[in-house]
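Let's take a relaxed walk through this protein, starting with a single residue and then stepping back to the whole. Have a look at the picture first.

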Amino acid sequence: MDKYQEQPHLLDRHLEWMMNSLLAIVRDNGSPPPLVHLAFKFLYIITKVRGYKRFLPLFPHEVGDLQPVLDMLVDQNPKDSETWETRYMLLLWLSMICLIPFDLARFDGNITSEEGHARVPTMDRILKIAKCYLVVSDKARDAAAVLVSKFIVRPDVRQKRMPDFLDWTLSMLSKSSFQTMEGTVVMNGMLQALAQLFKHGKREDCLPYAATVLECLDNCKLSESNQMVLRKLGMKLVQRLGLTFVKPKVSLKKQINPKALKKLKKQLLVGLKDKDTIVRWSAAKGIGRITGRLPKELADDVIGSLLDCFSFQETDNAWHGGCLALAELGRRGLLLPSRISDVVPVILKALTYDEKRGACSVGSNVRDAACYVCWAFARAYDPAELIPFISQISSALVIAAVFDRDVNCRRAASGTFPHGIDILTAADYFAVGNRVNCYLTISVYIASFPEYTQPMIDHLVNMKINHWDSVIRELSTKALHNLTQRAPEYMANVVLPRLLPLSVGTDLHTRHGAILACAEITHALCKLAEENNRYKCKIILTINFPFIYQIYFLTVCTLIEKLSLSKMPFRGDPIIGGWQWLINDSLRSLPLVSSAARQHIKESAVSALAALCNEYYINENGEADPALQDELVTQYVSELQNTEEMIRCGFSRALGALPRFLLKGRLQQVLEGLKKVTLISPADVSFAEARRDALIAIAKVCQTIGVNGEGTQEEYVCKDNVTQIYATLLSGMTDYTTDSRGDVGGWVREAAMTSLMEVTLLLVQNEAELINANICKQIMCWLAQQSAEKIDKFRAHAGSVFLTLLHFDHPPVPHIPHREELERIFPRSEKETLNWNAASEAFPRITQLLGLPTYQYYVLLGLSVSVGGLTETTVRKYSAQSLFDYMKKIQNDSSAMESFCETLIKVFEDNLRNDRVSVPLLTMLDQMLANGCFDIFTMQENQPFAVKLFTLCKEEIKRSKDIRKLRSSIGVFCGLIQFQGDMREKVLFQLFLLLCHPFPVIRKTTASQVYEMLITYSDVVDPAIMDEVMTILSDTNWEAELPVVREKRNCLCDLMKVPKPQLVSKGEPSFPSVLEHH
């Protein structure tokens, strides 16, 4: 039924047959109780989706249904938590049967039963059931309240039982306390019953009791309860009582009980300020309904009290409740036109209501409700009455639709206003969902309508550049930049003079926003001036620049960048030295700022530096002042060896951003400085971010300086320095540093890959002959390795760079090994669609490179880490499967197998005791041996591959205390038992050595795996002793003391004729992996 939740009315045509089918099961006397309960459960699910009000009339309500339903209800256990759906549906059914138009006394017949006891009248039986279920804690309580509302208002019941029932409910309410759980349950039931009763009962029947009920409700002080449901039900009952007191068409004040009205008004106004929306909404509806029945002067009095909710001493709850109430009054046409002038200013304030609380703000619900008020007014009033206010309301709504921080408010505000069709086409429900799009694109379009231009600019300046959220402040200043083209004169003559005092104010948020706004508007005016050949920015000269020494680094750098881009006439002015100092200070202060803001500040400072240099450090000949160049470059290069990592990062990126005229003649000095940052030394092994930024900077410097093969190494990328550049970048591909943050070397490898691609494409497009075959081979092989590794992000980046170089055509990259085979494996058509992040797509492709001799070693090295990964992930699953598929394909090709095995041994030899590779490599070997990848070698005696593998495994675990490594080696040794010849005895000796390892967990693991090995390879042991060997392995407690374990192990050695390992003297290491035989 879930799919009907959004549009339950689609069920209507099916409800009757579904109900009849299920009730047939209920009415069948042969149906077992569990089946009956299941039928009621399904009925409840349908009711829940469609709502009981629509479902109720469909219940059969013949006279003959009364007794069976009553009997079923009597048989129920109110405390059974498994069958509450049955009780709920039976009570709803009974509430429908109660409407039969016959006196209930007719059903009693002879009031005395056969046994002589007085039988309970039907009326009392139903009332008893209702009272019983009004005090339970499950859903049946709601149905009991519905039953009461239908039953008590029957003429016969009303006369005989209504006063007593109301006395009982009021007495229960008075005795109960909302401080206890039991009291809350009872009060909930009583309030529901009273609210339903006063809703469905006739006014003249309920009026005599209304004052008593109101007084009792007042004494309950529900507004002090922390139970939201009780407060909501209290509001519901208050408004029902109010409608009972007031006739639908009242004309004279004396017809109303003034004391009761005062109490009602007080309770509803308190409800409007409740902390829960649902209570405020109920109070607002109550005010709307009751005010609709009041005479004009009293209704106006209510509206006056309502407007008191909108003072700035009130909380956001009061504002929200007030807006909901105004909307209800407006919707019903109860706000007189004379009151609109009082209400509109309040609504305009509510549309921009935003109160900061701690790290966030409140008020989005107020703004949303204010949009609802505008919607209600537009539909309730004659257009002529709203004309004086249209301009204000429409501007406020447009501003909310475009500039509100919350998406639900922007969507609520995108309603009806002048130019509505045009604006709604651009700012529809979906378009306003994207905040950046609203601020930077939609706002510019809407500002093209003159009546909105100035209000939008004023709103940004008054309300948004000082907003508590820095993202909104920054977006607002960018929006002002874009809006400048719509009103340049207003920006230059009005907005900028207003912003300048704010930029030196005491409030940091305002100061930050004002400085950024000055910067953005100045830049926009400059661009307009250039387009129109006029200069409009001279006003900015009045800024008091020394103030910026005290501001955020980010703000300062943005201001410097924008003023430089605006071509301010400061060439040769001392202020430029101040700006340079500020940029340098921002870079030096990076360690002091939070890690979240660090990257943003660094990028801002680097952008500012580039703009400053390009505007103020170049002379008429396009060159730099030698003294200034020497000082700047030398200072920046010296900072690269700072002991603070973040300072190295900042100045590396700054060198990467320097323009060509500053790098010219200093290229080698810069490259040498950056190269030193990329080197790993014991003191800065964890400086991965510095190495990353240095590699990025090297590529940027190369792109800036340009290529000239025959040029000098101080001025160009040329044949003399290209090898050194590539060596530095390739060294970054081997950075596998890890610390508490994880694989931080991945950042360096990612930067190295990007930089290699940028430098290679730069050379290819200018002088491809500078790329030699060896460099190209290294690049492609390292990329292939990274493409086979386990971390999705880095694998995807490597794959993307690999395919970019392979498929580049302008012109093609020279010397790519096995280009034709690679283009077959990675067709050009799939360059964009191949998802390297998905292990299921990447590994089947990358394992095909194992068949290409140049790439085999590197791909296998990458696969080792993926296949032997620590956890059972999709990467491990698909990489292993792809490797096994490749091995199966080459099983019958002896030369391919030998080549693969030689490469595998070489990978192992090169990474001996390099735990990053060797541990997963052992796991991979274990899996390969278990999957029969080397079956063609197992029949050869003393197969060289197996001998070398055994020797390397022994060497790898020598003196090791790494549990994971030792466990992986056990699997490899067990797998090597497949090989014939002397290998078996050596393997068994090694395994028996591990059976007496100092670590109990290793002894236990070894015994378990040897047991499995002997079951799998039954030819290893003589059948005559098999049972005894297996018994020793399975029954021995291998975690016991070593002397006990050693005795059992030696027994196994004797049985299987394997030399017993000898104990070493105390001077030797405690657990060597290699011991001499007897």
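## A lysine to begin with

Is Lys 263 buried, partly exposed or exposed? The relative accessible area of Lys 263 is 24%, so it counts as partly exposed. Keep in mind while reading that this is a predicted model.

You'll find Lys 263 in helix H12, which runs over residues 258-272. Setting aside neighbours within four places in sequence, Lys 263 is in contact with Leu 214, Glu 215 and Asp 218. Take Asp 218: it sits 45 residues away from Lys 263 along the chain, yet the two C-alpha atoms are separated by 8.2 Å.

## Another residue of the same helix

Helix H12 also holds Leu 268. Here the relative accessible area is 4%, and therefore Leu 268 is buried. What does Leu 268 touch, once residues up to four places away in sequence are left out? The list is Met 235, Val 238, Ala 283, Gly 286, Ile 287 and Ile 290.

One of those partners, Ile 287, can be placed a bit better. Leu 268 and Ile 287 are 19 residues apart along the chain, and 6.8 Å separates their C-alpha atoms.

## How sure is the predictor?

Time to step back. Mean pLDDT for the protein is 88, with 94% of the residues at 70 or more. Two stretches call for some care, though. Over residues 535-551 the pLDDT stays under 50, and the model has 42 contacts there beyond four places in sequence. The other stretch is residues 1066-1078, again with pLDDT under 50, and there the model has 30 such contacts.

## The whole protein

What is the protein built from, in terms of helices and strands? There are 49 helices and 2 strands. The radius of gyration is 42 Å, while the globule rule gives 31 Å for 1078 residues, so the protein is more spread out than a compact globule. If you'd like a feel for the dimensions, the C-alpha trace spans about 110 × 100 × 55 Å along its principal axes.

How much of the chain is buried? Buried residues account for 54% of the 1078. On the outside, the accessible surface comes to about 47700 Å², and carbon and sulfur atoms own 52% of that. Now for contacts between residues at least 6 apart in sequence: 71% of them join residues at least 24 apart. As for charge, the protein has 122 positive and 121 negative charges, and the mean positions of the two sets are 8 Å apart.

## Odd spots in the loops

A couple of loops have backbone details worth finding on screen. The loop between helix H37 (792-807) and helix H38 (819-825) contains Pro 811. Is the peptide bond from His 810 to Pro 811 cis or trans? That bond is cis, with omega near -10 degrees.

His 818 is found in the loop between H37 and H38 too. Though not a glycine, His 818 has a positive phi of about 55 degrees. Its relative accessibility is 22%, so His 818 counts as partly exposed.

Arg 913 is another residue other than glycine with a positive phi, near 65 degrees. Look for Arg 913 in the loop between helix H42 (894-910) and helix H43 (915-930). With a relative accessible area of 42%, Arg 913 is partly exposed.

## Two more buried residues

Helix H23 (residues 470-483) is home to Leu 475. Why does Leu 475 count as buried? Its relative accessibility is 8%, and buried means under 20%. Not counting neighbours within four places in sequence, Leu 475 is in contact with Arg 435, Val 436, Tyr 439 and Leu 440. Glu 830, by contrast, is 355 residues from Leu 475 in sequence and 38 Å away in space, C-alpha to C-alpha.

Last stop: Thr 1005, in helix H47 (residues 1000-1016). At 14% relative accessibility, Thr 1005 is buried as well. Which residues is Thr 1005 in contact with, leaving aside its neighbours within four places in sequence? They are Arg 967 and Ile 970.

Conventions. Residues are numbered from 1 along each chain as its sequence is written. This is a predicted model: local features need pLDDT of at least 70, side-chain atom pairs count only at pLDDT 80 or more; totals for chains, interfaces and linings use all residues. Side-chain values use heavy atoms; hydrogens and water are left out. pLDDT is the predictor's confidence in each residue, from 0 to 100. Contact means heavy atoms within 4.5 Å. Helices (H or I, at least four residues) and strands (E, at least two) are DSSP runs, numbered from the N terminus. The radius of gyration is taken over C-alpha atoms; the globule rule is 2.2 Å times the number of residues to the power 0.38. Buried means under 20% relative accessible area, exposed over 50%, partly exposed in between (1.4 Å probe, protein chains only). Accessible areas come from the Shrake-Rupley method with a 1.4 Å probe; for residues, only the protein chains shown count as cover. Lys and Arg count as positive and Asp and Glu as negative; His and the chain ends are not counted. The place of a charge is taken as NZ of Lys, CZ of Arg, CG of Asp or CD of Glu.
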